[in-house]
Amino acid sequence: MPRSLLLLDGSLPDGSRADLTITDGCIASVSPASAVTIEAPGVSSRRFAAALQEGSASELPAIDLEGRLVLPALVNGHAHLDKTFAGSPWQPHRPGSTVRERVAAERAIRDELSASVTERASALAAAMIGFGTGTVRTHVDIDTAIGLSSLDALLELRGELREVLGVQIVAFPQSGILASPGVGRLLAEALAAGADVIGGLDPAGFDDDAERHLGIVFALAADHGVGVDIHLHDLGESAVRQYALIAAKTREIGLHGRVTVSHAYGLGSISTEAARRVGAEFADAGVAIMTNGPAGPMPPVLALREEGAVVFSGSDNIRDAWWPFGDGDMLSVARQVAYQSNFRTDGELAVALDMVTGAAAQALGVGPYGVMPGAPADLLVLDSPSPAAAVAANPSDRLVLHGGRVVAAQTSASHRLAPRTLGALAARP
């Protein structure tokens, strides 16, 4: 018998109320609220809060969402599961002023960690699932010191998580390619072993030869039939020249829609008009842009989207040698992007949400995707009145589904105020 679940009276992003019928892991129908009649013997609906508190939501045939917001599962378009310190003792941050210095510091810390890559990556993946992520693209370091050991750990973890989290793996040369002889061969081995995407790192700024670096990366992409995701931190005219090279290579290899420039700080270091020109070029070539809302220069999101470019978000580093912050919640990343971009209107906040849902799914090639018939039932239910509110605030009650099964639930019921505090607050009408 096919597995079935009814989600009753949910609010869709457009504000309409709907009932969702989920069958065998996919959304079978989306109908106006109250259009679904429960006729099967013994089938009854549980209210949302009760379903979460009982911890048995995964066994229920129907859940009354009571108007709560239903979104497609969040998409984390850029993470580093292998680098995180999650699941291990706190590590004080060791600063570095250049990418090279920070790479060296990271390698030193890596040798000191007692928890394995698998243990740490598993802890962070669990947090991501709990917050509502359905798909994550994780970069994994490939270098001559560790070889493919971190990749092997993430390939195994990807298999273990397949029923609760989609995982894309990028073979990432954190120590460079030209600067680290032998890494090119290891990257080819990583792709043969099962990595999904080939990565790159500052072709000019780190490897000092953009054309050779990009030539190697795109040749590997062509040989193995994979996409490309390049970390590019360089600024100013150097960045603009590299953007042009990436667009040209994308056209040459025929990778429209399968190439990403991650971070793209340079787009925030040039004029908005110059950034628009790059955005139009990327839109034509099929190159997406990832930003995680950094403290430094970041791409002008709205201007680039107006030019047709796909702009999306990822968490980037979470509690590791590069960055001590983060918890795995992509709604927090959307909020950071909105804050850095000075988004305030509901429409602008909806853009920030799209960057961790639809736009990220498009950039990663995740599809079909959305709250629609035929799409996998990878969903996030929030106690939030609208998409804008979901970004601006921090919804505490969440129900997470993957393939039609409840894989996580969290509720604010465990956070309680003392009676003295409650007595000082005005009663809610």
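Which kind of β-α-β unit do S12, H8 and S13 make? In this predicted model, strand S12, helix H8 and strand S13 are arranged as a right-handed β-α-β unit. Strand S12 covers residues 259-263, helix H8 covers residues 272-285, and strand S13 covers residues 287-290. The two strands of the unit, S12 and S13, run parallel and are joined by 4 bridges, and within this pairing serine 262 stands opposite methionine 290 of S13. Of the 5 residues of S12, 5 are buried, so this strand is largely enclosed by the rest of the structure.

On its other pairing, S12 is matched with strand S11, again in the parallel sense, over 5 bridges. Here leucine 232 has histidine 263, in S12, as its bridge partner. The connection between these strands involves helix H7, residues 236-253, and S11, H7 and S12 together make a right-handed β-α-β unit. Strand S11 itself, which spans residues 227-232, is mostly covered, with 6 of its 6 residues buried. In a regular strand the side chains alternate between the two faces of the sheet. In S11, Gly227, Asp229 and His231 point one way, whereas Val228, Ile230 and Leu232 point the other way, and the residues of both sets are buried.

Strand S11 also pairs with strand S10, residues 197-201, in the parallel sense and over 5 bridges. In this pairing leucine 201 is placed opposite histidine 231 of S11. Helix H6, residues 210-224, belongs with these two strands, as S10, H6 and S11 make a right-handed β-α-β unit.

Aromatic contacts were examined next. A pair of aromatic rings is described by the distance of the centres and the angle of the planes. The count of such pairs comes to 2. In one of them, tyrosine 243 and phenylalanine 282 meet edge-to-face, with 5.6 Å from centre to centre and 75° between the planes. Tyrosine 243 belongs to helix H7 and phenylalanine 282 to helix H8, so this pair ties together parts that are 39 residues apart in sequence. Tyrosine 243 counts as buried, at 1% relative accessibility, and phenylalanine 282 likewise counts as buried, at 1% relative accessibility. The rings of tryptophan 323 and phenylalanine 325 have centres 4.9 Å apart and planes at 70°, so this pair is also edge-to-face. Tryptophan 323, with a relative accessible area of 38%, is partly exposed. A further arrangement that involves a ring is found at phenylalanine 206, where arginine 100 lies over the face of the ring, at 4.4 Å from its centre.

Helix H11, residues 346-354, has Leu349, Val351, Ala352 and Leu353 as its buried residues. These buried residues pack against strand S6 (69-72) and against three helices, namely H9 (301-306), H10 (330-340) and H13 (387-392).

Two individual residues were then considered, beginning with arginine 398, which is found in strand S16, residues 398-402. Is this arginine buried or exposed? At 1% relative accessibility, arginine 398 counts as buried, and its side chain takes part in polar interactions. The side chain of arginine 398 reaches the backbone oxygen of phenylalanine 131 at 2.8 Å, and it also makes a polar contact of 3.2 Å with the side chain of asparagine 394. When neighbours within four places in sequence are left aside, the residues in contact with arginine 398 include Leu52, Phe131, Asp329 and Leu331, together with Leu380, Val381 and Leu382, and also Ala408, Ala409 and Gln410.

Glycine 25 lies in the loop between strand S2 (17-23) and strand S3 (26-32). Although placed in a loop, glycine 25 counts as buried, at 9% relative accessibility. The C-alpha atom of glycine 25 is separated by 5.6 Å from that of alanine 377, a residue 352 places away along the chain. Apart from neighbours within four places in sequence, glycine 25 is in contact with Arg3, Pro376, Ala377, Gly403 and Gly404.

How values were computed. Residues are numbered from 1 along each chain as its sequence is written. This is a predicted model: local features need pLDDT of at least 70, side-chain atom pairs count only at pLDDT 80 or more; totals for chains, interfaces and linings use all residues. Side-chain values use heavy atoms; hydrogens and water are left out. Buried means under 20% relative accessible area, exposed over 50%, partly exposed in between (1.4 Å probe, protein chains only). Two strands pair if DSSP finds at least two bridges between them. A crossover is right-handed if, with the strands pointing away from the viewer, the path from the first strand over the helix to the second runs clockwise. Rings of Phe, Tyr and Trp (its six-membered ring) pair if their centres lie within 6.5 Å; planes under 30 degrees apart count as stacked, over 60 as edge-to-face and the rest as tilted. A charge sits over a ring if NZ of Lys or CZ of Arg is within 6 Å of the ring centre and within 35 degrees of the ring normal. Contact means heavy atoms within 4.5 Å. A polar contact is a pair of N or O atoms within 3.5 Å; within protein, one must be able to donate a hydrogen and the other to accept it, and residues adjacent in sequence count only if both atoms are side-chain atoms.
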